[in-house]
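Hi,

Here is the structure I promised to pass on. Please have a look at it first, and then read my notes underneath.

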Amino acid sequence: FEFLSGFLGGPQIYFERHRHSNVRRMHAHLAIGTAERDAWLACMDKALSTVAPDLETRRLLMGHFSRVAEALRTQA
């Protein structure tokens, strides 16, 4: 919640607590390939299916998540 709040333009709770919100730096120690990216996106899609009020909201959020997940990929 804290990170997503700031990521989506709301209060910068995560940044205020941790003094950074650099997603690449937070994940630099991980090997992230296509399988890891796809697994994380599947988890986010499942989570959104329980909390997102409508399909358009889910589509919008998954678009953001997909771009970030691809940017974090470090392996093929």
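**Contacts and overall fold**

Among the contacts in the protein with a separation of 6 or more, 53% join residues that are 24 or more positions apart. Please keep in mind that this is a predicted model.

The protein has 5 helices and 0 strands, so its pattern along the sequence reads α-α-α-α-α. Taken along the principal axes, the box filled by the C-alpha atoms is roughly 35 × 30 × 15 Å. The chain counts 76 residues, and 25% of them are buried. On the outside, the protein exposes about 5,400 Å², with carbon and sulfur atoms supplying 60% of that area.

**The largest pocket**

I thought you would enjoy this part. Rolling a probe the size of a water molecule over the atoms shows where empty space is left. Here, the largest pocket holds about 290 Å³ of space. It is lined by 17 residues, and those closest to its centre are Val23, His27, Trp40, Val68 and Leu72.

Which helices each supply at least two residues of that lining? They are helix H1 (2-7), helix H3 (23-27), helix H4 (34-51) and helix H5 (55-72). As for the chemistry of the lining of the largest pocket, 14 of its residues are nonpolar, 1 is polar and 2 are charged.

If you open the model, the five residues around the pocket centre, Val23, His27, Trp40, Val68 and Leu72, are where I would begin looking.

Best wishes

Methods
Residues are numbered from 1 along each chain as its sequence is written. This is a predicted model: local features need pLDDT of at least 70, side-chain atom pairs count only at pLDDT 80 or more; totals for chains, interfaces and linings use all residues. Side-chain values use heavy atoms; hydrogens and water are left out. On a 1 Å grid over the protein atoms alone, a cavity is a set of points where a 1.4 Å probe fits but cannot get out, and a pocket is an open set with protein on both sides within 12 Å along at least five of seven lines; lining residues have an atom within 4 Å of a point. Grid points are joined across faces, edges and corners, and a volume is the space filled by probe spheres set on the points. Helices (H or I, at least four residues) and strands (E, at least two) are DSSP runs, numbered from the N terminus. Ala, Val, Leu, Ile, Met, Phe, Trp, Tyr, Cys and Pro count as nonpolar, Asp, Glu, Lys and Arg as charged, and the others, Gly among them, as polar. Buried means under 20% relative accessible area, exposed over 50%, partly exposed in between (1.4 Å probe, protein chains only). Contact means heavy atoms within 4.5 Å. Accessible areas come from the Shrake-Rupley method with a 1.4 Å probe; for residues, only the protein chains shown count as cover.
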